[in-house]
Amino acid sequence: MERRHSLRSHTIRLVALAAALACRPADRASRPPRDAGYTVRDDAGRTVALAQPARRIVSLSPAVTELLFALGVGDRVVGRTTWCDYPPPARLVPSVGDGLNPNLEAVAARRPDLVVLYRSPLNETAAAQLGRLGIPAAVLRQDRLEDVARAARLLGRLTGRAAAGDSLADSLTRLLETGVPAAHTGLAFVVWDNPPMVIGGGSYLDQLATLAGAANVFHDIGAASATVALETIATRDPDVIAVVSDSAEPRPPAFARRREWRVIRAVRERRFVYVVGSLFGRPGPRAGVAAAELRRLLGQVKR
Amino acid sequence: MKWLGLGLVAVAAFLGAVVLGPAHVPLAGLAASDIVRTLRLPRALLAFLVGGSLALSGAGLQALVRNPLADPFLLGLSGGAGLGAVVAIALHLASPWALPLAAFVGALGATALVYRLGLVGGAELDPRVLILAGVAVGAFAAAVTTAIVSLSDAAELRNTFLWLWGGLSGASWDTVLLLGVYLPLPLAVLFAAARPLDLLALGEEPARHLGADVEPLKRRVFLAASLLTAACVAVSGVIGFVGLVVPHAMRTLWGHRHRPLLPAAFLGGGALLALSDTVARVAVAPRELPVGIVTALVGVPVFALLLRRWTAN
């Protein structure tokens, strides 16, 4: 009995401590601590509670930066990653690093009232550390189009732009639900040549292929990307090979010149499309633009 | 009898690598298939040559440094090759041969450095210093590699490591031809060192008394094994385990005499890598496993079995 009592009082003390910690930013803002409007549960299952809409946001992923600008709160972004290059005004925001293993001091130095991170184990640790500094942090999955829609909703809530967030999310969801004519073009995304790596069904690019009226020939691989043997690509026999490139001027990939790659029909016939990493490599609000662009590129190859 | 068994295993491993694959090719159409002629045949040959070379280098180096833990990558070669490959990527050298060539140059650089450090005590190559120098050079190269990777923003660098962890997906007739021209010399040097290596096993002093030319022998074996390994890294990355365990496995069957041990190690290493690569391609098709994982998964149980039999005798 005695023991259970002490355990309970210990628990109460812990809860009180946690509440006190959680209230700290709220005290500063002298607002009631519970405001459902600015409270969300992020993709790591953490509760992110803001006393007021976020005013100084550090975005640690290019997709989030794009989303914030799309929601009309780009002027509240006070920190970004080196990869955040769209929309152009985003480049004027100070960079705090590459966002993969965030430098917390550089992030904290921007005095943010919200930090948004891509969901990864490393970033979840970083979010917990930011929490200890009293900086609210949201961890968001950004791997597929559904994730972007959900992120738009959550960011809308956190920035006091719930209506804009919901409408962006709805338009992205509609994009997914729109019927697309049955695919005739078999497409393979080759992202690395040695070992050969292709994009699988669990990826954003696979969704874009469908939206563009093509079929990823590696749709059956559940992972986002996978190493495969050359003979597997040759047997799947894609009509077109899509190459993700960072450079502005598209040129045939180095592997196109290699004899062993010429077993693949699309390589022999030089049926390549070049997609730019900054538009296609990251799930974001421009998904519709990317899908239309891919459809246009595929149309050019067929001719 | 042992030789017949090993020969049959080697032939079976090679044929299996040609016949089996993720793509279905009917047996009757095997010779006419583009997939078999352009992809599987060179890949099986490359697997055999690389596996054999790694096992042979391992056997030679184990005898040279008189340490059972020695393997072809102990002497800083993997670190040097990795550094070369990462530098090539960081400098945006795009040619398909840039990566292998850079890895080769890096491995040779590490070899030269280790060799020079091995001579620090005087004109004699000291095996103990050689091991320490190898570990030190490897660690240094790995540190520089990590520094480049963490400071550079090329997403390609992650994939460089995939390549470096080994695999035979780069196989083509070009790489087979390249090895075919390159390998005979270091192979011949190692095979020719079989008898003197037996003497060296007795210790350097006794070997000298028995008439072995110890210093030139050590240099020849070190350089030949390193050149073999550097070429293997260039065409297939760092494939672990073959060079460490195959020589020991063959020792349990053929004993410590190098005259039979070296050719047996070559055949055994070739068979193990050809078999492992087939498993890597087929087991999780349409995906592919890194071959280094399979060499360990296939090799360790076989090795454990041989070890048990050996210790029981």
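**Stop 1: where the chains meet**

Start with the contact between the two chains of this predicted model: select 23 residues on chain A and 27 residues on chain B, and you have both sides of it. On the chain A side, two elements each give two or more residues, so to speak the landmarks to colour here: β10 (225-227) and α8 (230-236). Helix α8(A) supplies the largest share, with five residues. Colour that side by class and you'll get 12 nonpolar, five polar and six charged residues.

How far does the predictor trust this? For the complex, the ipTM is 0.81 and the pTM is 0.83. Chain B has an average pLDDT of 88, with 96% of its residues scoring at least 70.

**Stop 2: the two domains of chain A**

Now hide chain B and split chain A in two: select 33-175 for domain 1 and 185-302 for domain 2. If you drop a pseudo-atom at the C-alpha centre of each, the two centres turn out to be 30 Å apart.

Next, look at where these domains touch. Domain 1 of chain A brings 16 residues to the contact, and domain 2 of chain A brings 12 residues. On the domain 1 side, α2 (62-70), α5 and α6 of chain A each put in at least two residues. Which of these gives the largest share of the domain 1 side? That's α2(A), with five residues. By class, the domain 1 side comes out as 10 nonpolar, one polar and five charged residues.

**Stop 3: the sheet in domain 1's range**

Keep α2(A) on screen and add four strands. They form an open sheet in chain A, ordered β4-β3-β5-β6, with parallel pairing. Select 77-79 for β4(A) and 137-140 for β6(A): these are the edge strands, each with a single partner, so one side of each has no neighbour in the sheet. Sight along the sheet and follow the twist, which averages 30° from one strand to the next.

Back to α2(A): this helix packs on the sheet and touches β3, β4, β5 and β6 of chain A, and its direction makes about 135° with that of β3(A).

For a look at the strand pairing, pick β3(A) (57-59) and β5(A) (114-118), which run parallel and are joined by three bridges. Show sticks for Ser59(A) and Val116(A), and you'll find Ser59(A) opposite Val116(A) of β5(A).

While you're at β5(A), step back into the loop between α3 (104-108) and β5 of chain A and find Arg111(A). Check its backbone torsions: phi is near 45°, a positive value in a residue that isn't glycine.

**Stop 4: a pair of helices**

Select 145-158 and 162-177 of chain A, which are helices α5 and α6. Their axes lie 7 Å apart and the packing angle is about 170°. How do the two helices run relative to each other, parallel or antiparallel? The angle makes α5(A) and α6(A) roughly antiparallel.

To see the contact itself, show side chains on both helices. From α5(A) the residues include Leu145(A), Val148(A), Ala152(A) and Leu155(A), along with arginines such as Arg150(A), Arg153(A) and Arg157(A). From α6(A), pick up Leu168(A), Leu172(A) and Leu176(A), among others, plus Asp166(A). By class, this helix-helix contact has 11 nonpolar, three polar and four charged residues.

**Stop 5: the hairpin and a cis proline**

Move on to β7(A) (185-193) and β8(A) (196-199), which pair in the antiparallel sense over three bridges. The two strands form a hairpin with two residues between them. Put Trp192(A) in sticks and look across: Met197(A) of β8(A) stands opposite.

Now zoom in on the turn. Pro195(A) sits in the loop between β7 and β8 of chain A, and the peptide bond leading to Pro195(A) from Asn194(A) is cis, with omega near 0°.

From the hairpin, follow β8(A) to another partner: β8(A) and β10(A) pair in the antiparallel sense over three bridges. Val198(A) is the residue to click here, standing opposite Ala226(A) of β10(A). That takes you back to Stop 1, where β10(A) was listed on the side of chain A that touches chain B.

**Last stop: over in chain B**

Bring chain B back and select Ala285(B) and Pro286(B). The peptide bond that joins them is cis too, with omega about 10°. You'll find Pro286(B) in the loop between α13 (258-282) and α14 (291-312) of chain B.

Methods:
Residues are numbered from 1 along each chain as its sequence is written. Chains are lettered from A and ligands numbered from 1 in the order in which they are written. This is a predicted model: local features need pLDDT of at least 70, side-chain atom pairs count only at pLDDT 80 or more; totals for chains, interfaces and linings use all residues. Two residues are in contact if their C-beta atoms, placed from the backbone, lie within 7 Å. Ala, Val, Leu, Ile, Met, Phe, Trp, Tyr, Cys and Pro count as nonpolar, Asp, Glu, Lys and Arg as charged, and the others, Gly among them, as polar. Axes are lines fitted to C-alpha atoms, for helices over the stretch in contact, and angles run from 0 to 180 degrees between N-to-C directions. Angles under 35 degrees count as roughly parallel, over 145 as roughly antiparallel, 65 to 115 as roughly perpendicular and the rest as oblique. pLDDT is the predictor's confidence in each residue, from 0 to 100. Domain bounds come from an automatic or database domain assignment. Two strands pair if DSSP finds at least two bridges between them.
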